[in-house]
Amino acid sequence: MRKPDEPAENILVEGDRSEEIRSWEQSIFAKQESAIYSVKRKQSLQARYIYGFIFFLTNLLAWFVRDYGHKFLHILHCVLRISLGCFIFFSSMFVTTLRAEKLQEARNSWHSRCWALKVAIYLLSVMVPFIIPSGFIQLYGQLAHVGAGIFLLLQLISLIHFLSWCDSKWMPDLQSKKCGFFGLFLSTIFYLGSFCGIVLMYIMYALDTSCAINIFFITWTAILVKVMMIVSLHSKVNRGLLSSGIMCSYIVFLCWSAIQSEPHTQKCNTKKMMAEDGDWTTILSFLIAICAIVMATFSTGIDSQSFQFRKDDIQSEDDDVPYSYEIFHFIFSMGAMYFAMLFISWEMDQPTRKWSIDVGWASTWVKILNEWFAASIYLWKLISPAVMRDKAINPEQHVQNVQVSV
């Protein structure tokens, strides 16, 4: 209360000071809260690498058990059982982190911390499938074909999103007066690599006219490369050469990988002359498959612009999770199925050779179809804006013609 002899000016000064103190306290509280969110966000980002390491070790275990476990494990499809355990673990993480949006939520702490409990759950998940009846494992093997296909689709989506990012980052832009020399340099490198890869495949895998299937694969890949190059430079598309160059290199790699997956008994496959216990291409195939998982999770799963359940018009806040946890774990669960298919070469009852990955006609055709599908989706992505513009212009022209005739 105001004292009778207290000047009004003193009251105003004290009021200003109390307001300054409240403002200072709010500022300190905001900084402390921001620091807490920063720590939680860092823990969340670091958790990705731990999950990736768990996934990597699981697939190494599956590879070891497939090649050497038959001496002490006489159980049907040990690889599928380990894959099922990995699938169960990441599916449980998917369910328990579903719709996590804020860093202060318990689901964020569960995703980023509690590692002792999660390791126990992981070990239990891997051991349980070894007591499941073989009939259920056979059913899981059939479902794994579908899950592996879903993973390949997610991988393609993440690649196309990555290509869009490359275009916006390095290609010339007239509005921002960006010259894009680095993008043009990369385009040249990727296209040279694509053309050289096609020539080398003709030399290595199309030895004579009897290698008709390889000649068809390589020739059709060369046609796709040429078509994508022409379409990307068309005046109605005008997307430059960087993204198309990367995509061309990708489909050339898929063609090479498909031919490498042909059975070693084929005379047109130079791998038949290599050692029976595997070669460097086996290790390369494994590492590339791991990179595919990393690309899909760190590009598609992490980027909230690719897949998100929240509305696009909601602005990001300091306490928002840095990436979509449920999509992250979903991709790893599909990746577990994908790796199972690689280790059994997409066939349930065919024996696999030691130190081999993804070898057989089923693997070859899966990769070839994936190549053709990827090229088709990318070409549609190039031409769809022009097609949509033409569809939007034609109705307007029709309305104008009707008005003039009236």
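Which residues form a nonpolar patch on the surface? In this predicted model, where local features need pLDDT of at least 70, side-chain atom pairs count only at pLDDT 80 or more, and totals for chains, interfaces and linings use all residues, the patch consists of Ile213, Phe216, Trp220, Ile223, Val227, Trp361, Trp365 and Leu369, with about 690 Å² of accessible area together. Residues are numbered from 1 along each chain as its sequence is written, and side-chain values use heavy atoms, with hydrogens and water left out.

Patch members have over 30% relative accessible area and no salt bridge, nonpolar side chains (Val, Leu, Ile, Met, Phe, Trp, Tyr) being joined within 5 Å and like charges within 9 Å; a salt bridge would place a side-chain nitrogen of Lys or Arg within 4 Å of a carboxyl oxygen of Asp or Glu. Areas follow the Shrake-Rupley method with a 1.4 Å probe, and for residues only the protein chains shown count as cover.

Helix 7 (212–233) and helix 11 (361–405) each supply at least two residues of the patch, and helix 7 gives the most, with 5 residues; helices are DSSP runs (H or I, at least four residues) numbered from the N terminus. Trp365, found in helix 11, counts as partly exposed at 35% relative accessibility (buried is under 20%, exposed over 50%, partly exposed in between).

The charged end of Lys118 sits over the rings of two tryptophans, as tabulated (NZ of Lys or CZ of Arg within 6 Å of the ring centre and within 35 degrees of the ring normal).

| Charge | Ring | Distance from ring centre |
|---|---|---|
| Lys118 | Trp110 | 5.5 Å |
| Lys118 | Trp115 | 3.7 Å |

Terms used
Buried < 20%, exposed > 50% of the residue type's maximum accessible area, 1.4 Å probe, protein only.
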